[in-house]
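Visitor: I'm new to this one. Can you walk me through it?

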Amino acid sequence: MADISDSAARAARDLRVVFSRLRRRIREVAQDADLSPSQESALTLVGKHGAATASALAAAEGVRPQSMATTLAALEQHGLIRRAPDPDDGRRQLVTLTDGGRARVQGNRQVREEWLARAFQDRYSEEERQTVLAALKLMERLSRP
């Protein structure tokens, strides 16, 4: 890392740490006691991807297909997902959210957004919020290829 400035290395390290903590805190806000973190994550993933196979969900989560199958079975028992034959390949099943699963994902998203907005309102001045918004515009470049 000889060609990387100290400030760039520090910014990268600090950003990673802060984002990890913030991501964990946001997940805790809407965490339901009856679902494990992996079940909560899989439910959110199904909500984002729409109809998907268990193997595609496992790949997206970076887990073994057997682990995803166990997680999906628990979500199905809670009535949050359903499985149906893939119209293009009857040997595979597509996983989708039930109405209850969709309501839960949307409710969790709303709780998280409200918590974050309230935290900004309560913990930061208007000037500090404007600084955060300006920094986010700069950080947007990191998400581009």
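Guide: What follows is a quick tour in questions and answers. One point up front: this is a predicted model.

Visitor: Okay. How many helices and strands does the protein chain have?

Guide: The protein chain has 6 helices and 2 strands.

Visitor: In what order do the elements run from the N terminus?

Guide: The order is α-α-α-α-β-β-α-α.

Visitor: Is the chain a compact globule or more spread out?

Guide: More spread out. The radius of gyration is 19 Å, and the globule rule gives 15 Å for 145 residues. The chain's value is well over that, so it is more spread out than a compact globule.

Visitor: What does the C-alpha trace span along its principal axes?

Guide: About 55 × 40 × 25 Å.

Visitor: And how many of the 145 residues count as buried?

Guide: The share is 25%.

Visitor: What about the surface? How much does the chain expose?

Guide: The protein chain exposes about 10,300 Å². Carbon and sulfur atoms supply 53% of that area.

Visitor: Switching to charges. How far apart are the mean positions of the positive and negative ones?

Guide: They are 2 Å apart. The chain carries 24 positive and 20 negative charges.

Visitor: Now the inside. How many residues are in the largest nonpolar core?

Guide: That core has 16 residues. Those with the most contacts inside it are L43, L57, L72, L75 and I81.

Visitor: Which elements give two or more residues to this core?

Guide: Helix 2 (37–49), helix 3 (54–61), helix 4 (65–77) and strand 2 (89–97) do. Helix 2 gives the most, with 4 residues.

Visitor: Pick one core residue. What does L72 touch?

Guide: Leaving out residues up to four places away in sequence, L72 touches A54, L57, I81, R83 and V95. L57 and I81 are also on the list of core residues with the most contacts.

Visitor: What share of the contacts links residues far along the chain, 24 or more positions apart?

Guide: Such pairs make up 49% of the contacts with a separation of 6 or more.

Visitor: Back to helix 2. Is Q39 buried or exposed?

Guide: Q39 sits in helix 2. Its relative accessible area is 14%, so Q39 counts as buried, the cut-off being under 20%.

Visitor: What does Q39 touch?

Guide: D34, T71, A74 and L75, not counting residues up to four places away in sequence. L75 is one of the core residues with the most contacts.

Visitor: How far is T70 from Q39 in space?

Guide: They are 9.3 Å apart, C-alpha to C-alpha. In sequence they are 31 residues apart.

Visitor: And T70 itself, buried or exposed?

Guide: Exposed. T70 lies in helix 4, and its relative accessible area is 58%.

Visitor: What about E40, buried or exposed?

Guide: Buried. E40 is found in helix 2 and has a relative accessible area of 3%.

Visitor: How far is E40 from E61?

Guide: C-alpha to C-alpha, they are 12 Å apart in space. Along the sequence the gap is 21 residues.

Visitor: Last stop, the loops. Where is Y124?

Guide: Y124 is in the loop between helix 5 (99–123) and helix 6 (126–139).

Visitor: Why does Y124 count as partly exposed?

Guide: Because its relative accessibility is 37%, which falls between the 20% and 50% cut-offs.

Visitor: Which residues is Y124 in contact with?

Guide: A119 and R129, leaving aside neighbours within four places in sequence.

Technical notes. Residues are numbered from 1 along each chain as its sequence is written. This is a predicted model: local features need pLDDT of at least 70, side-chain atom pairs count only at pLDDT 80 or more; totals for chains, interfaces and linings use all residues. Side-chain values use heavy atoms; hydrogens and water are left out. A nonpolar core is a set of buried Ala, Val, Leu, Ile, Met, Phe, Trp, Tyr and Cys residues joined through side-chain atoms within 4.5 Å. Buried means under 20% relative accessible area, exposed over 50%, partly exposed in between (1.4 Å probe, protein chains only). Contact means heavy atoms within 4.5 Å. The radius of gyration is taken over C-alpha atoms; the globule rule is 2.2 Å times the number of residues to the power 0.38. Accessible areas come from the Shrake-Rupley method with a 1.4 Å probe; for residues, only the protein chains shown count as cover. Lys and Arg count as positive and Asp and Glu as negative; His and the chain ends are not counted. The place of a charge is taken as NZ of Lys, CZ of Arg, CG of Asp or CD of Glu.
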